[in-house]
Amino acid sequence: MAKRISKTTKKVSKVSKVAKAAGIVDTEGAADAPAAAAVPKGGGRGRFARRQATTAYKPGAGKDRHLVIVESPSKAKTINKYLGKDYLVLASVGHVRDLPSRNPKGVKAPVPGVDLEHDFRPHYEVSEGKERVIADLKKAAKEAIATGRQVWFATDLDREGEAIAWHLAQELGIRSKDAKRVVFPAITKKEIEKAFGNPHPIDEDRVNAQQARRILDRIVGYQVSPLLWKKVARGLSAGRVQSVAVRLVVEREREIRAFVPDEYWEVSANFTDKVAAALGLEKEWQGLLATRDAKGAPPTQKQRGVWLGEHGAFRAELVEVGGEKFAIGCASGEPQDLTGRVAEVARLAGMTNVQARSAAAEGKGPAAFRREVVGTIDPKATYKVASVETKRTYTRPAPPLITSTLQQVCSNRFGFGSQRTMRAAQQLYEGVDIPGEGPVGLITYMRTDSTHLSGDAIEMARGYVGKAFGAKYLPEGPNFFRSSNKSAQEAHEAIRPTNPEYTPRRVAGSLTEDQLKVYTAIWERFVACQMVPAEWDSTALSIVGGTDPKRPCTFRATGRRLVFDGYLKVAGVPQSAEEQTLPALKAEMPVGAFGLEAAQKFTSPPPRYSEASLIKTLEAEGIGRPSTYASIISVIQDRKYVEKEQGRFYASDLGEVVTDKLVEALPSILDIGYTREMEKELDQIEDEHLDWIEMLRRFYGPFKQQLGEAETKLVHAKAETFPAPPEYTCPVCAEEGRGDHVPLVYRFGKNGRFLSCSLYPECTYSSPVDREGKPRPAAETVDVACVKCGSAMTKRVGRFGPFLGCSKFGDKNNPCDGLLNLDKKGRVTAPSMPPLLTELPCPVCQSQLNLRSGAKGPWLSCSRFPKCRGRGKWAELEEGVKKNLEKQLKQHEMEHPVPIVRTMSGKPLTDSHGKPLPSAQPVGVKAEDGSPETLESVADEIGV
């Protein structure tokens with residue numbers, strides 16, 4: 001039986017991978033590409049059906065009980081706690097119906113499940129794996145109704161939840177107007193009693209808005225994706241919202257690439273009220289600047305600030321010279337050597353032995369030269385305090401969290417991806433087990449765009465603040481917040497704790513690490529938003545002095561001191577590298593200077609998007625809705641249209657090419673304003689009874705016309721060339737006598753951009769390029785020995801990033817397929833030991849569990865990971881079972897030892913567990929590609 005399960009699991013996983021490659025994603029706002037290429041011809045559901053989802057229903061359980069249907073088992077468990085024995089709560093386990101992913105046998109409709117010729121009539125099917133769920137719900141509903149009870153639809157309160165309720169009602173044969181629909185923003189006894197006391201019919205306007213979105217996404221996905229297959233590469237996908245998000249990243253990438261900085265100079269100095277000690281501090285300061293950490297980096301601004309504070313000193317910026325504002329710089333288009341002017345100012349400010357240096361650098365405009373002005377402090381220079389200004393300032397608390405700001409806070413504070421954040425928030429909403437209380441819903445609904453708080457919520461927060469912190473932390477009246485998003489639905493609430501008495505400390509033992517972090521962020525923002533402002537004393541100092549009394553230099557320093565923490569009592573005092581504590585000084589007091597510095601600076605390009613800033617932009621532009629942000633971010637990475645490095649998004653070559661082709665073919669679909677207006681129309685369908693069929697008609701006419709024109713006019717991406725910089729010339733043509741300056745061009749291939757000779761096919765020279773378009777070797781030999789054959793390895797980049805491959809991979813006589821992965825820091829890791837497959841069932845999907853050794857002992861995980869993330873509970877196994885499995889694991893580890901990766905000279909790079917040693921360094925230099933695509937393969941593909 002166990003072997004049968006394992007085989008089926010592998011087959012299901014294989015089919016899932018193929019479907020994923022074809023772009024089949026059942027997520028709102030994501031790609032929805034045709035599945036035709038992912039399944040055998042002939043229609044049907046394919047050979048291997050999806051694993052059947054189940055409910056907790058037992059025959060006869062619905063008799064004399066009301067049936068309540070929710071989406072998840074966790075939510076069902078929490079609700080059942082409050083409803084009691086007269087109610088049977090069952091879960092639909094998510095969506096139960098959807099548009100089919102492919103046409104029935106013999107049908108060739110362009111968009112499966114949508115009749116484009118008859119007003120976009122949708123045809124829904126029960127989702128694969130949900131047949132048993134529907135059967136159980138029908139039986140339970142029949143039993144409940146037959147015994148005089150009712151069916152209640154308690155799915156989530158957003159559009160998607162309304163649509164799930166409608167689909168369930170359709171399958172159960174219940175009309176929308178007769179349905180008992182209940183919604184509650186929080187799963188608490190009070191909210192559930194209130195909802196069940198005020199049921200309402202299913203809102204078909206909301207359902208139609210959701211249907212319109214689903215059909216729009218289906219039309220775009222199934223009709224635009226094939227265009228990309230023909231004009232770029234097979235297997236690509238497009239999405240109505242996803243593609244606009246990629247465009248944002250691509251346009252930001254090009255802004256950065258085209259950016260030429262302006263140059264400006266800053267002059268700063270450190271000051272102390274201990275004038276006699278300044279000379280000694282100068283030596284210590286220079287010693288601090290000369291230190292380097294383990295990575296060779298100088299002290300950070302924060303470390304410098306701490307040092308200054310410990311020595312009773314502070315830093316100030318030069319703002320005036322001889323009564324005129326200090327400003328030395330040049331525009332990007334007019335670079336010039338400014339060191340002469342800066343040196344003169346430095347002398348006036350108190351620098352002696354001044355020297356100016358220049359060196360060529362890799363940069364554009366003024367940044368093509370790195371210049372510096374250096375010297376030592378002039379002991380004859382004198383300084384005094386010209387003025388001291390102190391004023392009281394206030395900072396107000398931020399509004400409670402909404403979906404987008406929750407994702408931004410968790411990204412910035414914890415480094416969480418949006419899906420990780422929302423997964424933890426979903427669990428907190430549905431309920432977690434609190435010892436002695438059972439399942440408790442800790443937060444309100446987590447998909448919202450409104451900062452509104454109900455009167456009860458405000459009173460709860462104010463009551464908690466007054467009790468926990470005292471009257472001085474409680475404002476006279478409530479704090480109210482207006483949503484910055486104009487389309488926010490104020491009837492909804494912000495994300496908040498259901499009860500602030502459940503403090504993070506109180507529930508910490510019941511939550512996972514992720515849940516606790518997310519709950520803490522929500523709890524702190526909610527409580528803090530109903531507290532008084534923080535009070536600061538902000539001080540500004542003016543220091544006047546230098547070497548020439550006729551042309552005095554004025555330095556300015558600012559700092560602030562927290563007087564009353566207010567809401568920061570909960571939110572925490574912000575830490576800033578620029579913040580400094582100023583000593584108590586008075587006007588006319590003499591001060592000593594040290595650490596005088598003149599620094600060349602450049603204006604910065606717009607920053608690359610982080611996950612937080614991209615979500616913020618999507619929200620500000622009205623692209624997508626709270627329920628879609630996480631899926632948008634996930635899909636654009638899964639499709640390899642963007643790459644995430646050190647928390648920032650980079651547009652891939654594929655993302656740029658796809659964006660260019662879509663903008664050329666369908667300019668309106670990729671227009672941000674158009675996408676925003678379409679979201680507004682979807683809102684109007686829900687709120688103003690806008691005809692959703694008419695809305696689809698207005699969209700489809702122009703869309704179909706543009707799509708038809710693109711089919712004939714759009715040039716294949718691999719047939720296009722773009723000129724390379726003039727300094728890149730063909731070395732092969734130079735060797736073979738065709739010219740010393742034959743230009744190179746950029747082409748697009750299966751591995752992204754590459755350089756090729758402009759005389760192709762006469763010359764077949766090609767070279768891979770880095771992210772900046774510079775040529776680089778296809779593969780670099782590195783000082784790492786292959787664990788299989790001992791040969792040197794080469795560093796390459798494949799679909800999933802950099803890796804090491806054996807240099808004998810292509811050897812005709814003794815080939816070797818040795819591969820090694822690199823970690824995020826570029827250090828080599830050994831191949832992991834295969835897990836031990838046990839007979840234990842996964843608690844989620846019943847597949848076999850894998851057993852591995854971990855830092856804290858053996859642990860169990862589903863063999864279907866990542867499709868299933870179920871975990872086994874090792875601690876709850878019987879002692880006899882544990883001992884037997886430990887014995888098997890020990891034998892398994894002896895038979896499959898983790899190899900130690902070494903350099904060619906035998907120096908170890910990894911430990912016995914396969915992890916990089918602390919002394920191991922990143923391998924080689926950064927690469928981005930495997931072996932380059934040949935021009936012949938490109939020509940064959942495009943028919944040249």
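In this predicted model, P723 stands opposite V745 in strand 24. This pair belongs to the contact between strand 23 and strand 24 (residues 744–749), where two bridges join the antiparallel partners. The wider setting is an open sheet of four strands, ordered 23-24-25-26 and paired in antiparallel fashion. Strand 23 (722–723) and strand 26 (766–768) stand at the edges with a single partner strand each, so one side of each has no neighbour in the sheet. As a general reminder, strands of a sheet pair through backbone hydrogen bonds, in either a parallel or an antiparallel arrangement.

The loop between strand 25 (752–757) and strand 26 holds P761. The peptide bond that joins Y760 to P761 is cis, with omega at about 15°.

Strand 19 (residues 553–564) offers another view of antiparallel pairing. Strand 18 (residues 534–546) runs antiparallel to strand 19 and is joined to it by 11 bridges, with D537 standing opposite R561. Six residues lie between strand 18 and strand 19, and the two strands form a hairpin. Strand 19 is also joined to strand 10 (residues 313–321), again antiparallel, through four bridges. Here V321 stands opposite C553 of strand 19.

Turning to the helices, helix 20 (residues 672–688) is a helpful one to follow along its length. Its 17 residues reach 23 Å from the first C-alpha to the last, close to the 24 Å expected at 1.5 Å a residue. Its buried residues are I672, T675, M678, E679, L682, D683, I685 and E686. Viewed down the axis of helix 20, these buried residues fall within an arc of 150°, so they line one face of the helix. In general, an α-helix has 3.6 residues a turn, so residues three or four places apart point the same way. The partners of this buried set are helix 4 (159–172), helix 6, helix 7 (242–258), helix 17 (611–621) and helix 21 (692–713), against which the buried residues of helix 20 pack.

The loop between helix 20 and helix 21 contains H689. Although H689 is not a glycine, its phi is positive, at about 60°. H689 is exposed, with a relative accessible area of 59%. A comparable entry for the backbone is Q846, a non-glycine residue with a positive phi of about 70°. Q846 sits in the loop between strand 32 (836–841) and strand 33 (848–854). With a relative accessible area of 46%, Q846 is partly exposed.

Helix 2 (residues 73–83) has K75, A76, T78, I79 and L83 among its residues, and these are buried. The buried residues of helix 2 pack against both helices and strands: strand 1 (66–70), strand 2 (87–91), helix 5 (189–196), helix 12 (418–430) and strand 17 (438–440). Helix 2 is followed by G84, which has a positive phi near 90°.

Next comes the packing of nonpolar residues. The largest nonpolar core has 91 residues, and F153 and V232 touch the most other members. Helix 6 (residues 204–231) gives the most to this core, contributing 12 residues. Leaving aside residues up to four places away in sequence, F153 touches I69, A165, L168, A169, L172, I174, A179, K180, R181 and V182. A second, separate core has 65 residues, including A91, I434, F481 and I522. As a general point, nonpolar side chains in soluble globular proteins tend to be buried together.

Finally, the cysteines deserve a look. The structure holds zero disulfides. C410 is in no disulfide, and the nearest cysteine sulfur, belonging to C529, is 17 Å away. C410 counts as buried, with a relative accessibility of 0%. C806 is likewise in no disulfide, and here the nearest cysteine sulfur, that of C789, is 3.5 Å away. The cut-off for a disulfide is a pair of cysteine sulfur atoms within 2.5 Å. C806 also counts as buried, at 4% relative accessibility.

Note on methods: Residues numbered from 1 in each chain as written. Predicted model: local features only at pLDDT ≥ 70, side-chain atom pairs only at ≥ 80, totals over all residues. Heavy atoms only, no water. Pairing = 2+ DSSP bridges. Buried < 20%, exposed > 50% of the residue type's maximum accessible area, 1.4 Å probe, protein only. Core = buried A, V, L, I, M, F, W, Y, C linked by side-chain atoms within 4.5 Å. Contact = heavy atoms within 4.5 Å. Expected span 1.5 Å × (residues − 1). Arc of directions from axis to C-beta.
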